[in-house]
Amino acid sequence: MEFDNWEVTEEGIQGLDNMGNFFITKEDMVSLDIDGCIDILVHTASKDIVGENDIVNLNKAYQQALYSFGIKTITDEMMASTIKKQLKHI
């Protein structure tokens, strides 16, 4: 399933087009930083090549991937904290 320049695959989330260098594994999806935010989403948002639209679509792809892979360890609170941290990079 594609979300603009991100695609949820059987292995994780693959960047497409200008995001082609990015790949997020299932394991990376559950790694948290010291603040309890989703590390890979914050890290990706900090890259110069990644814009606001890229972040929005990545978050949509991430939510779909959580559902598709049956990952239930990421809470709404973690996602909200992650988005707040991502916004600092916009």
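**Entry 1: a buried glutamine**

A residue is called buried when its relative accessible area is under 20%. I wanted that cut-off down before anything else, and I also note that this is a predicted model. I looked up glutamine 86 first, which sits in helix H4. Its relative accessible area is 1%, so glutamine 86 is buried.

What does the side chain of glutamine 86 reach at 3.3 Å? I found the backbone oxygen of leucine 41 there. The side chain of glutamine 86 also makes a polar contact of 2.8 Å with the side chain of asparagine 59. Then I listed its contacts, skipping neighbours within four places in sequence: Leu41, Val42, Ala45, Ile55 and Asn59. Two of those names come back in the next entry, since Ile55 and Asn59 are buried residues of H3.

**Entry 2: helix H3**

I turned to H3, which covers residues 52-69. I counted 18 residues and a reach of 25 Å from the first C-alpha to the last, close to the 26 Å expected at 1.5 Å a residue. Which residues of H3 are buried? My list reads Asp54, Ile55, Asn57, Leu58, Asn59, Ala61, Tyr62, Ala65 and Leu66. Right after H3 comes glycine 70, and its phi is positive, near 70°.

**Entry 3: the sheet**

Next I traced the strands. Four of them make an open sheet, ordered S1-S2-S3-S4, with antiparallel pairing. S1 (2-3) and S4 are at the edges with a single partner strand each, so each has one side without a neighbour in the sheet. H3 packs on this sheet and touches S1, S2, S3 and S4. I checked directions too: that of H3 makes about 0° with that of S2.

Then I went through the pairings. S2 (residues 6-8) and S3 (residues 12-15) run antiparallel and are joined by three bridges. Which residue in S3 is the bridge partner of glutamate 7? I found glutamine 14. The link from S2 to S3 is a hairpin through three residues. S3 also pairs with S4 (residues 23-25), again in the antiparallel sense and over three bridges. There, glycine 12 has threonine 25 of S4 as its bridge partner.

**Entry 4: two aspartates with positive phi**

Most residues other than glycine have a negative phi. With that in mind, I noted two aspartates in the loops of the sheet. Aspartate 4 is not a glycine, yet its phi is positive, about 55°. I placed aspartate 4 in the loop between S1 and S2, and with a relative accessible area of 47% it is partly exposed.

Aspartate 17 is not a glycine either, and its phi is positive at about 50°. This one lies in the loop between S3 and S4. Is aspartate 17 buried or exposed? At 71% relative accessibility, I put aspartate 17 down as exposed.

**Entry 5: salt bridges**

How many salt bridges does a search of the whole structure find? I got two. Side chains of opposite charge can pair when their charged atoms come close.

I took aspartate 33 first: it bridges to lysine 85, with the closest N and O atoms 2.6 Å apart. Aspartate 33 is in the loop between helix H1 (26-29) and helix H2 (39-45), while lysine 85 is in H4 (residues 76-87), so this pair links distant parts of the chain, 52 residues apart. Aspartate 33 has 16% relative accessibility, so I count it as buried.

Aspartate 35 bridges to lysine 85 as well, and here the closest N and O atoms are 2.6 Å apart. Aspartate 35 lies in the loop between H1 and H2 and lysine 85 in H4, so the pair ties together parts 50 residues apart in sequence. Aspartate 35 is exposed, with a relative accessible area of 54%. I wrote Asp33, Asp35 and Lys85 down as a network of salt bridges.

**Entry 6: methionine 29**

My last look-up was methionine 29, in helix H1. At 0% relative accessibility, methionine 29 counts as buried. What does methionine 29 touch, not counting residues up to four places away in sequence? I found Ile24, Ile38, Tyr62, Ala65, Leu66, Phe69, Ile71 and Ile74. Among them, Tyr62, Ala65 and Leu66 are also on my list of buried residues in H3. I checked glutamate 11 as well: methionine 29 is 18 residues from it in sequence and 11 Å away in space, C-alpha to C-alpha.

Conventions. Residues numbered from 1 in each chain as written. Predicted model: local features only at pLDDT ≥ 70, side-chain atom pairs only at ≥ 80, totals over all residues. Heavy atoms only, no water. Helix = DSSP H or I, 4+ residues; strand = E, 2+ residues; numbered from the N terminus. Expected span 1.5 Å × (residues − 1). Buried < 20%, exposed > 50% of the residue type's maximum accessible area, 1.4 Å probe, protein only. Salt bridge = Lys/Arg side-chain N within 4 Å of Asp/Glu carboxyl O. Contact = heavy atoms within 4.5 Å. Pairing = 2+ DSSP bridges. Axes fitted to C-alpha atoms, helices over the stretch in contact; angles between N-to-C directions. Polar contact = N/O pair within 3.5 Å; in protein donor to acceptor, adjacent residues only side chain to side chain.
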